[in-house]
Amino acid sequence: MTLAMLRFCLVIFCIALGAALLLKDVWAQNTPTPSSVNWTRLPGTAVDITINGQGQAYIVAPNGTPWRWDALEQRWRKMSGDFVRISAAEGNRPWAINADRVVFRYNGLWWESKDTEVADVAADALGNVYIAKVTGEIKKWNPLRSEWRTLEGQAYRIALDMAGNPWALTRDGNVRTFDGKNWTAVPGRATDIAVGGNDTVVIADAEGRIRVWNSLQRSWQVIAGVDSVTAAAAAPDGGPWAVLTDGSIMATTLLVTPEQIKTEQGRAPEARAPKVVAPVDTAPVAVASGISAEPLSTTTTVAPSPQVAPVAAPVQIARPLSAAPASPETSAGQNGAKTVAPGTENTATFDPVAVTTDENITFVNTQKSASTLAIGRDGSVFGLDVAGNILRWSNTRKRFESFPGTLIRIAVDPQGNPWGISTLGRVFRHTGNLWKQIPNATGSDIAIGADGSVVIADADGNLSKLNDTMTRFDRIPGQGLLVAVAPDGTPWTIRSDNLVQRCASTPCEVFSQKAKSIAIGPDASVYVVSDTGFLMRLGAEGKSFDVVRTPGHTPQSVAVGPNGYPWVVTTGTLALASKFFERNEQADRTVAASTGGDTTGSGSTAAVVDVPANSAFTFTKNFAFETFVTNLNTIEEFVVGQDDGVYVYGSPQNQGPNPFLKFNSTQKKFEEVSLSFNQTLRNIDIASDGSIWTTENGSIYKLSSTGSIKRTYSVASGSIDSLSIGVDDTVYVVISNRLYHLKPGTNAFTKFNNDDVSKVAVGRAGDLWIMDSNNIVQQFTGTKFENRPLGQSVNANDIGAGTDGSVYVSVLENGQYALKKWNATNNSFDAVKNATPNRVDVASDGRPWIANTSSSTDVKRAKD
C-alpha cells in the first residue's frame, strides 16, 4: 500500500471516528436540530420524572403518587406510595424518596426503607444505586451486604451514566462528573440532571430550559420548545423529557414496545396522541418499610438480569400533533375538585388481593387479646388494646407486638401504615417512620379504602374526606357515626340508630340491617357485626346480609383483609383470624423502635362517640338507680376499680376495725374482704389484676387482693390527696397539689407536670381529668390541663371517668349536690335527674355509681 493510500485511509478513519463521537455525544446532532425538535405533551401531571436505559419510565404526581409508564398500552399505571423523587432502576424496581427524606426501594411486592435524610437517589438498569444525602454526602448501595458505602464528593442531585458513574449537581447548581477515580468540574449551572441510554446528559438549567451536553465543545446545547422546566429525564436514545412548573409532562421521543413499531412493510407508524388515563388526584397514601404495594401489571416487560447488558427500548420520534393533548373527562365534586374519569379502553390490571375467596370462612383463635382491629390491603393487621395502646400482629411470632402510640380509633392505609384518632378526637397518620398529626382535623371515627381514600366521621355524624395534599378534611355527602370505605372510595356508615347505609349518592342508601361494627376489604366484601352480636357479610345480590358463623364466640367488631378474609374481636376481647396474611415482617420491629413523633398532638379537640349496643349501658338524663346498703357508719373511700369491681371502705356501725367491702354482682350486695394489711386505707384504687393500691404516712403501697404488701413506694414528701389507676395500670397520685405517675414496668413515681391538682381521674386511652386546687374541672390536652367547658369554671366535689370515655362530676348547686355527665359534642355538662351524690365513679360500660356520704352510706348504680 502506498503512503498516499495510507494517508487517505487515515483521513477516512478520522472522519468516521469523529462522526461516531458526534453521534454518541450529541443527541441533537442525530435528530432534528434544536430549533426544530418536536415536543409531545403526555397526559397527566408530575413533579419528578425518570427513565432508565431499558425504557422504564416513572413519574411522581403532584399528590405524591408514583405512576409507571405502560409502553404497550401507552398510559400511566398507578403504583402505591407517597413520594417527592423517584428513580427507575433494574427490572421495574424503582427507588423513591418521600417528603420525610426517607429513601425506599420497591422489591416487587412492597416498599423497603433503606436510609434517611436523603435528598436524591439515582439508579440504573445494571443495579447501581447512589444517594445524595441532605448533607451533600454521596453513598453507593452494596446489595450483597445491604449497606451503603460512602463515596468522596458532594451532591444534591445525582444521575448515572451507562458505566454506572455518577453525574452530580451541588446544592448551588454546579455540575460534576465522576470517572470512577476523580471528580471533574463541568461548566454551567442546573437544577436537575439525567443521563440517557446512549450517555446523553440532559439538564434543566437555571433559566428553566432543557440542555444536552456536547463533550467535544464542552458546552450545553439548548433544546428549544419548552421552558419553565423543573425536572428532566432522557430516553434510551437520549431524547429529553421534561416536567414544567405547571406539572406538564413533555417528551421528544415516545417509549413504545416492539409490537407497536412494526408495520406490514416494516415502517414505523406515525405518532399519535396516546389514549391514556392520567394520574387521578386522590388522597395520597403514606409509605412504610416492609409493606405491600400494588402489583405490577401482567403486561409489564420482564427486565434482563443484571449480568445481561441492557437493550435500549424501541423509541419513536414524536411528530407534531394535529390536535390538543387528550384530556380525560372530569366532573366537579362538592368542593369544586375534579376527578378523572376512567379511559374507554380496558384499564383493568390483576390485583390478587381484590379477588374474593371462594373458601369457607373458618376462624382460628389467636389466643391473643385486642379491643379493636384494622387491616390494610397489604395484610398488615393492627389493633388497639383496652388501654388504647397500638398493637401489630406478627405472623412470625404469632402474637401482637407493641407499636408506639395511643389511639381510640385505628385504620390502616394500603401500604400498611396505621392511622387513627386519639381520645381527644385528633387525627394522626404514620408516615413509615414517625407519627404526624393532620392539622386542624378532628373526628370520631376513621376508615381507609383500598384506593387510599381516607374518610372520617365526627360525633354529629358528618363525613369528611382527606384532600390530595393531606392538609385538611373536606366535607362530603353522607352521614353516620361509624364509617368504612369501599375500594372505590365509597363510604359506608352505621347511623346513630344502628342502621347500615351506603353513601354513594345523596341521600345514602339505607339497608334494613342494624349493626355496631362495619368493615370492607380490598375485594369490596362488606362485613358487619349486627346489633345482636352476629358476624354478617353482604350477599352477592348486594341487598341483604348473611350470617357467618363464629362457633363458641360472640363478635364485638370486625376487620377485613385481602381476598375478603375477616378478623373478629369477640366480646371477651379475643382476636379470631380467618387468614394469616403473608407479608414481609423484617422491618416491623425496626419501624416500631425508630418511630418518632407521638399521638398526643395539639389544637382543637372533639368528642369520640360510639353507636348504641345492646350489651352496653346507655346514657339517659333521667336515670333510675338501684340502691345497695353497705351497713357502714361512714364511707371514707369509694371506687370502681379497673377490674370493674366496686369497693367501699369506711367505719363500721360497731366499734370494730374499718371493713373493706366489695360488691358481689351475683348476690347484688356488698361483702367484706378480709385483708392482712393492718393500716388505714386511704386514696384506694384497684388495678386490672385485682391488686389494691393505697397510701399511708407518705408512702404508696401495692397490696395483693388479700392485703399482703407486694411493694412499697417512697414518694416526694407532702400530702397525698388522690390516687387513680388507668386501664393500662398507670398509677397517678396527687402529692401536695402536683400530679405524679408510675408507668407500667417502671420503678419510681415521676412528676407528670406542674399544673395545680387536687383530684385525678383516668378515662379511656389515658384520658386525664382533674380537679384543680380550686376544684375546677379540667382535661389534659397533651401539653396542659384546660378548663371544661373551655372558658368556663365548673366547681366540682368529685369526678369519675370510665374506660368507655364517660366522665361524670358531682357539683353543688343551690345547696344541693347534682350529677352531671360531660358532653364533648356540645362542650357542656348534661345534668342527670334524680341523683344527688357527692361521690361518683364509673364502670367500664359507662355506668355511674354514686353515693351521698353526707346523708347516708347507701351506694347506688344506674339501671339499664
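**Cavity lining, sheets and ring pairs in a predicted model**

The lining of the largest cavity is made up, by class, of 20 nonpolar, 6 polar and 6 charged residues. The structure described here is a predicted model, and this enclosed space makes a convenient place to start. The volume of the largest cavity is about 370 Å³, and the structure as a whole contains 5 cavities of 30 Å³ or more. Rolling a probe the size of a water molecule over the atoms is what reveals where empty space is left. In total, 32 residues line the largest cavity, and those closest to its centre are Thr50, Ile51, Ala123, Leu160 and Val195. Several strands contribute at least two residues each to this lining: strand E2 (48-51), strand E6 (85-87), E10, strand E14 (157-160), strand E17 (183-195) and strand E21 (229-234).

Strand E10, one of the contributors to that lining, also belongs to a sheet. This open sheet has 4 strands in the order E10-E11-E12-E13, with antiparallel pairing. Its edges are formed by strand E10 (118-123) and strand E13 (147-154), each of which pairs on one side only. From one strand to the next, the twist averages 25°. Within the sheet, strand E12 (residues 137-142) is joined to E13 by 6 bridges in the antiparallel sense. Lys140 is found opposite Arg149 of E13.

Strand E19 (residues 210-214) deserves a closer look. How many of its residues are buried? The count is 5 of 5, so E19 is largely enclosed by the rest of the structure. In a regular strand, side chains alternate between the two faces of the sheet. In E19, Ile210, Val212 and Asn214 point one way while Arg211 and Trp213 point the other way, and all are buried. The buried set thus includes the charged residue Arg211.

E19 has a pairing partner on the N-terminal side in strand E18 (residues 201-205), to which 3 bridges join it in an antiparallel arrangement. Ala204 has Ile210 of E19 as its bridge partner. E18 and E19 make a hairpin with 4 residues between them, and Gly208 in the turn shows a positive phi of about 85°. E19 also pairs with strand E20 (residues 219-223), antiparallel and over 5 bridges. Here Asn214 is matched with Ser219 in E20 as its bridge partner. A hairpin is formed by E19 and E20 as well, with 4 residues between them; in this turn the residue with a positive phi, of about 50°, is Arg218.

Another open sheet is built from 4 strands in the order E61-E62-E63-E64, with antiparallel pairing. Strand E61 (720-725) and E64 stand at its edges with a single partner strand each, so one side of each has no neighbour in the sheet. Neighbouring strands of this sheet are turned against each other by 30° on average, direction ignored. Strand E62 (residues 731-735) and strand E63 (residues 738-742) are paired in the antiparallel sense over 5 bridges. Tyr732 has His741 in E63 as its bridge partner.

Aromatic contacts complete the picture. Across the whole structure, a search finds 32 aromatic pairs. Trp693 and Tyr713 have ring centres 5.6 Å apart and planes at 20°, so this pair is stacked. The two rings link distant parts of the chain, with Trp693 in strand E58 (residues 692-696) and Tyr713 in strand E60 (residues 709-714), 20 residues apart. Both Trp693 and Tyr713 are buried.

The pair of Phe752 and Phe785 has ring centres 6.3 Å apart and planes at 50°, so this pair is tilted. Phe752 sits in strand E64 (residues 750-753) and Phe785 in strand E68 (residues 785-787), so the contact ties together parts that are 33 residues apart in sequence. Which of the terms buried or partly exposed fits Phe752? With a relative accessibility of 24%, Phe752 counts as partly exposed, whereas Phe785 is buried at a relative accessible area of 6%. Elsewhere, ring pairs connect Phe83, Phe104, Tyr106 and Trp111 into a cluster.

Terms used. Residues are numbered from 1 along each chain as its sequence is written. This is a predicted model: local features need pLDDT of at least 70, side-chain atom pairs count only at pLDDT 80 or more; totals for chains, interfaces and linings use all residues. Side-chain values use heavy atoms; hydrogens and water are left out. Two strands pair if DSSP finds at least two bridges between them. Axes are lines fitted to C-alpha atoms, for helices over the stretch in contact, and angles run from 0 to 180 degrees between N-to-C directions. Rings of Phe, Tyr and Trp (its six-membered ring) pair if their centres lie within 6.5 Å; planes under 30 degrees apart count as stacked, over 60 as edge-to-face and the rest as tilted. Buried means under 20% relative accessible area, exposed over 50%, partly exposed in between (1.4 Å probe, protein chains only). On a 1 Å grid over the protein atoms alone, a cavity is a set of points where a 1.4 Å probe fits but cannot get out, and a pocket is an open set with protein on both sides within 12 Å along at least five of seven lines; lining residues have an atom within 4 Å of a point. Grid points are joined across faces, edges and corners, and a volume is the space filled by probe spheres set on the points.
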